[in-house]
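Here are my notes on the model you sent over. I've kept them short and numbered so you can check each one in your viewer.

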Amino acid sequence: MIKTIAHHVTPVLLAVLYFVMLVASSASAGALQGKKMASQLHCMACHGERGDERSAFVPKLAGQKRNYLSLQLRAFRQAAPIILGGEIVTKRVHRTMQSRTTNLTDRQIEDLAAFYSGLTCKSAPRKDRVPRPDRAKTCEICHGGHRTNPFRSIPTLASQKETYLIRQLEDISKGIRSKHGSARRYHRLMEVTGHKLTDHEIKTLAHYFAGVPCRRY
Ligand code: HEC
Ligand code: HEC
């Protein structure tokens, strides 16, 4: 009896294993392609060899959410608001990044996102860790920190560059206040809180999240 079950189960198990290996190897093939492309397109000149360049205003990409990265590259390429259901839901315009993405195909974008999200995020040094401001609780509903961030298109902020986070919060807040008008960045979900922050709160929150250790999701 046991022999008969094993006889039937083994081919199924092998098929499942084969499928899992196939999916895993196609994901790593994408990341490998992405690595080649990042080098050919000189992404590394600004973002660093390991996606963790520390220079001001250039974001760390290592370990960031794959889906989020691919959405950002598509938004830069489009360089105009993204409209869904007849309403602007997101916008991200940046001249440098537009010029780097304008000729990318969807496939290339997916490979680049696979490469950068697969790199290991380096946590901020311990001395950079600061007490958690009360305001951070709202942010953590979406972005994680003390809580998890299970959302594929919401970026993790942990150990991101402080100067970069400040600039993005200023841009997003302008985008919400001006109803996306001429601002460089807008996202409807950030309307929950993004425009209510004072300059001081922006700095405190950026300082805090920049010191939160990276976490693998
Ligand atoms: C000349 C410098 C430069 C080069 C080259 C460059 N980037 Fe960027 N990248 C930036 C800057 C600056 C930003 C921040 C944009 C902003 O402030 O909105 C950025 C933002 C990004 C983001 C958004 C990250 C986030 O956390 O939101 C992604 C993804 C990205 N770059 C990927 C790439 C890829 C892939 C390439 C190569 C095709 C590339 N970059 C080439 C400077 C550069
Ligand atoms: C309802 C969910 C939600 C909440 C709450 C929220 N955010 Fe966001 N946030 C988002 C989304 C979605 C994006 C991605 C925007 C995009 O795709 O351009 C974002 C983007 C950001 C970015 C840009 C990150 C990057 O890598 O470029 C920063 C910084 C940020 N949020 C900070 C905050 C802070 C600080 C708070 C709390 C005061 C907060 N957010 C609360 C959903 C949220």
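1. Start with ligand 2: its shell takes at least three residues from each of domain 1 (1-48 + 61-119) and domain 2 (121-217). Those domain bounds come from an automatic or database domain assignment. Bear in mind that this is a predicted model, where local features need pLDDT of at least 70 and side-chain atom pairs count only at pLDDT 80 or more, while totals for chains, interfaces and linings use all residues. Residues are numbered from 1 along each chain as its sequence is written, with chains lettered from A and ligands numbered from 1 in the order in which they are written.

2. Who sits around ligand 2? There are 24 residues in that shell, and Cys139, Cys142, Pro155, His187 and Leu189 are the closest; "around" here means a C-beta atom, placed from the backbone, within 6 Å of the molecule. S2, helix H6 (136-143) and helix H7 (162-177) are the elements giving two or more residues, and H6 has the largest share with five. Helices (H or I, at least four residues) and strands (E, at least two) are DSSP runs, numbered from the N terminus.

3. By class, ligand 2 sees 15 nonpolar, seven polar and two charged residues. Ala, Val, Leu, Ile, Met, Phe, Trp, Tyr, Cys and Pro count as nonpolar, Asp, Glu, Lys and Arg as charged, and the others, Gly among them, as polar.

4. Ligand 1 has 22 residues around it, with Leu41, Cys43, Cys46, Pro59 and His94 the closest. Helix H2 (43-47), helix H3 (66-78) and helix H4 (95-101) each chip in at least two, and H2 supplies the largest share, four residues. The class split for ligand 1 is 14 nonpolar, six polar and two charged.

5. On to the strands. S2 (residues 87-92) runs antiparallel to S1 (residues 82-84), joined by three bridges; pairing takes at least two bridges found by DSSP. Leucine 84 faces glutamate 87 across that pair, and glycine 85, in the two-residue hairpin connection, has a positive phi near 60°. S2 also has three bridges to antiparallel S3 (residues 185-187), with threonine 90 opposite histidine 187. That histidine is one of the closest residues to ligand 2.

6. Have a look at glutamine 160, in the loop between H6 and H7. Glutamine 160 counts as buried because it has 23 C-beta neighbours inside 10 Å, the cut-off being 20 or more. Leaving out residues up to four places away in sequence, its contacts (C-beta atoms, placed from the backbone, within 7 Å) are Pro59, Lys60, Leu165, Phe209 and Ala210. Glutamine 64 is 96 residues away in sequence, yet 9.4 Å away in space, C-alpha to C-alpha.

Conventions. A residue is buried if 20 or more other C-beta atoms lie within 10 Å of its own, exposed if 12 or fewer, and partly exposed in between; C-beta atoms are placed from the backbone. Two residues are in contact if their C-beta atoms, placed from the backbone, lie within 7 Å.
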